[in-house]
Amino acid sequence: MTEQHKNIYPVPDALAKRAWIGKADYEALYRQSIEDPEGYWAEQAKRLDWIKAPTKIKNASFDVNNVDIRWFEDGTLNASVNCLDRHLETRGDQPAIIWEGDDPANDKTLTYRELYEKTCQLANGFKEMGIGKGDVVTLYMPMVPEAAIAMLACARIGAIHSVVFGGFSPDAVAQRVVGAKSKLIITADESVRGGKQVPLKDNVDAALTRDGTEVCENVLVVKRTGGDIDWHEGRDVWYDDLVSRQATDCPAEEMGAEDPLFILYTSGSTGAPKGMKHTTGGYLTYVAMTHQYVFDYHDGDIYWCTADVGWITGHSYIVYGPLANGATTLMFEGVPSYPTPGRMGEVVDKHKVNVLYTAPTAIRALRAHGDDVMDSSSRDSLRVLGTVGEPINPEAWEWYYRVVGKAQCPVVDTWWQTENGGILISPLPGATDLKPGSATLPLFGIKPGIVDNDGNLLEGEAEGNLVILDAWPGIARSIWGDHERFVQTYFSTYPGMYFTSDAAYRDADGYYWITGRVDDVLNVSGHRMGTSEIESSLVAHDKVAEAAVVGFPHDIKGQGIYIYVTLAEDFEPSDELKKELIQWVRKDIGPIASPDVIQWATDLPKTRSGKIMRRILRKIATNETEGLGDTSTLADPSVVDELIEHRANR
Ligand code: PRX
C-alpha cells in the first residue's frame, strides 16, 4: 500500500466523550450484532414508530436456490409518519429541510410542520389523480424540497417512488417508466445547476413519445423557473394547482415492513439498468441507525449531504435517514463550484453546517484550485466530514482533513452501494482510528469477507473479492420484475454470499481498503454506469460499426471514459465526427456519460470466438502497454500493436 497507509489519526478525546458510539461500545455492539442479529435488530427496530411492532425479526436466505430476504415481516408502519408525524409534537417548528438554491441569493427553510402539511397536501392530490397503494410514481426532479415532499407523499399513501436522476436523457426516463409501468411522472419546468437551465419538462415530453410509455397517464409539473414549456392538456397538471386545493392532513396507509418503499435503477455490467427494490421497515431502520452513528448526529446539528436525490445517497442520507432521526437536512440545488470555487465552504458558513458528506470527485476538484480556495469561509461549525461513492485517494483524504476540516474533524469514508440501502463499511467518529484511504471497519450487523476467485474465504490480511456473508435490514430485496436476475447478479458468483463486484484489501488490523470494481461498471465522478450501456448507445449511431468502452484513471473524476470506435464502411475518422459521437452519447444517456477520449480503431482485439479482450483495451487506455500478457490467443494479434501505436491518451 501507499506511504499514507502508515498515517493513523486517533479519535479526538472530545469526540470520544460525546459520541454515541465509543471504541469499547463498537467492539461490544459489533460482536453482539453478529452473534445475535435477532436481538440486536429487534432493539434497533424500536427507533421507529410501528403501527404493529414486529415479532419476527430476521428471515433471510442468501442460498442461491432460494434467495429470500425479509426483516420485521409481521410489523406494520408508515415511512412518512416516521419521518414527519412523530416529530411534530417535539420539533414541529424545527427546520426539517434547509434549501440552498443554485443562486446564493435563494434559500428557504421548511419546518417539520410545514413539511408534514405539504406532504399531506400532495398525498391528497395523488389520491385525487387516482394514484394509490402499489402504483409507481416516477420523479424526474431538480434538487428542490418538492422532490423530498414527493417521495414522502408516495410513502404516505403506499405508492412506490422511482427517482430518475435529473441529468439523465429522455430515453433513460422512458426506459424506467416502461420498466416500472409508472402511471405518473413528477417533474419541473426546468432545473437550474451552475447557472444553467436543464429542460426537464421537454425531456419528459420527449420520453413520453417512446414506445410503451402510454402507461403514464399524467405529468405533474413544479414551476421552478417559469421557462417556456409545451403543455399537453388532459395529461399535464401544475403542481401548485393540484396541491393548493388539498387538505393539510392525510391519513397514512398502514404498510407491511416488506412492502416496497421505492425502486431505484442502477447500472450493472450487462443489460439495461436494474430497478433495485427496497422495502419499508428494514430499510428505514437501517438508514436511521447508520445516519445517527456514522455522522454522530446529535439533536440540533445541521447536516449536509451534497448528493442528488436521484442517487441512493440522496434517498438514504438526504431524505429518509435524516428525517427519520428528526434532523435538519440541507438540500443544495447547485454545483459545489458555482458561482465561486469556494461555494461549498461558503454554504457551510451560511447555514452553520456541522456535518458535511460529499464525494471524492468534489474534493479533488476543489483541491485542484489550491488551498486558498477555502479562504472564503471559516468552516468553524464543522465537526464531522464524510465521503462516499468511489475510492478516495489518500492525498485527497489528507487534503479534505487538513484544509477543509482544519485537522479538527474526523473523515468518515463510507463504502456502500445502491443495492445495500445504507452504509456498510465506515469509521464511526468516536470509535475508529482513521487511516486515509481506508473505509475501515464494518458497521453493526455487517459481516464482510474476502474471497479468492474460486470463492475460498481468506483469513487475516488478504486481498480479493469483497463479499457480504449475511443479510442486513437495508439490503435490496430483488430487482423489480426480475428476481432471477437479482439471484444471478449477486448470489451466484460465490454461492451463499452477496457479491459486491468490488475488490478489497484487508490489512492486519482488519481495516478494509476498497480498490474498485472488478466488473465492467465505471465510476465516473461517483456516477455509476455500465460500459455496455455506452457501447449500445454508440453502435446505435449509423456511422459506428463497433465500439468498446473502458475506464482509465482520471485526476478529478476518478475514472474517465475511453472509447474505441470502429467506423462503418464509407466513413472516415475526423475531429468533427468525434464531437458528433460525444454529443450523441450525451444526448442518449446524459452528460454524465460524456466520453473523455475516443480512439479510432480499424479493428478490436478479439479472441477466436469473437469476444473483445477488454483487459488489453484497459491497459492501452491506461498506457500500461508493457505487461499486456498473452496475446497469442487473439484472432489477430497485430491489432494490438496498431492500437498501441495510435493510442489517444498520451
Ligand atoms: O465501487 C464502489 C463505489 O461505488 C460503487 C457503488 O456505486 P453506487 O451504487 O452508485 O453507490 C454509490 C453510493 C453509495 C461501489 O461498488 N464506492 C462507493 N463508496 C465507496 C466506493 N468505493 C470506494 N470507497 C467508497 N467509500
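Two strands are taken as paired if DSSP finds at least two bridges between them. Helices (H or I, at least four residues) and strands (E, at least two) are DSSP runs, numbered from the N terminus. By these rules S16 and S17 run parallel and are joined by 3 bridges.

The model is predicted: local features need pLDDT of at least 70, side-chain atom pairs count only at pLDDT 80 or more, and totals for chains, interfaces and linings use all residues. Residues are numbered from 1 along each chain as its sequence is written.

## The sheet of 7 strands

S16 and S17 belong to an open sheet of 7 strands with mixed pairing, in the order S5-S4-S17-S16-S18-S19-S20. Strand S5 (107–111) and strand S20 (411–414) are at the edges with a single partner strand each, so one side of each has no neighbour in the sheet. On average, neighbouring strands of this sheet are turned by 20° against each other, direction ignored. Strands of a sheet pair through backbone hydrogen bonds, either parallel or antiparallel.

Three of the pairings are set out below.

| Strands | Sense | Bridges | A bridge or opposite pair |
|---|---|---|---|
| S4 and S17 | parallel | 4 bridges | Glu100 and Phe332 |
| S16 and S17 | parallel | 3 bridges | Tyr303 and Thr329 |
| S19 and S20 | parallel | 4 bridges | Thr387 and Asp413 |

Helix H12 (residues 343–351) packs on this sheet and touches strand S4 (95–100), strand S16 (302–305), strand S17 (328–332) and strand S18 (355–358). Contact here means that the C-beta atoms of two residues, placed from the backbone, lie within 7 Å. The direction of H12 makes about 140° with that of S4. Such angles run from 0 to 180 degrees between N-to-C directions, and axes are lines fitted to C-alpha atoms, for helices over the stretch in contact.

How many residues of S17 are buried? The count is 5 of the 5, so S17 is largely enclosed by the rest of the structure. A residue is buried if 20 or more other C-beta atoms lie within 10 Å of its own, exposed if 12 or fewer, and partly exposed in between, with C-beta atoms placed from the backbone. In a regular strand the side chains alternate between the two faces of the sheet. In S17, Thr328, Leu330 and Phe332 point one way, while Thr329 and Met331 point the other way.

## The sheet of 8 strands

An open sheet of 8 strands, also with mixed pairing, has the order S12-S11-S8-S6-S7-S14-S15-S23. Its edge strands are strand S12 (236–238) and strand S23 (478–479), each pairing on one side only. Strand S7 (residues 160–163) runs parallel to strand S14 (residues 260–266), and 2 bridges join them. Ser162 stands opposite Ile263 in S14. Helix H8 (residues 200–207) lies across strand S6 (136–140), strand S8 (184–188) and strand S11 (218–222), at about 150° to S8.

## Two helices in contact

Helix H13 (residues 360–367) packs against helix H14 (residues 394–404) at an angle of about 75°, with the axes 10 Å apart. That makes H13 roughly perpendicular to H14, a class that covers 65 to 115 degrees. H13 contributes Pro360, Ile363, Arg364 and Arg367 to the contact, and H14 contributes Ala396, Trp399 and Tyr400. By class, the contact has 5 nonpolar, no polar and 2 charged residues. Ala, Val, Leu, Ile, Met, Phe, Trp, Tyr, Cys and Pro count as nonpolar, Asp, Glu, Lys and Arg as charged, and the others, Gly among them, as polar.

## Annotated positions

An unreviewed UniProt entry places the feature "domain: AMP-dependent synthetase/ligase" at residues 85–469. That span is 30% helix and 23% strand, and its end C-alpha atoms lie 36 Å apart. UniProt (unreviewed entry) also places a "binding site" feature at residues including Asp413, Thr418, Asp502 and Arg517. Such annotations may be inferred rather than shown by experiment.

Thr418 lies in the loop between S20 and strand S21 (448–451). Thr418 is buried, with 20 other C-beta atoms within 10 Å. Leaving aside neighbours within four places in sequence, Thr418 is in contact with Leu264, Thr266, Met276 and Ile312.

Arg517 is in strand S25 (residues 512–517). Arg517 is partly exposed, with 19 other C-beta atoms within 10 Å. Not counting residues up to four places away in sequence, Arg517 touches Ser501, Asp502 and Asn523.

Technical notes:
Angles under 35 degrees count as roughly parallel, over 145 as roughly antiparallel, 65 to 115 as roughly perpendicular and the rest as oblique.
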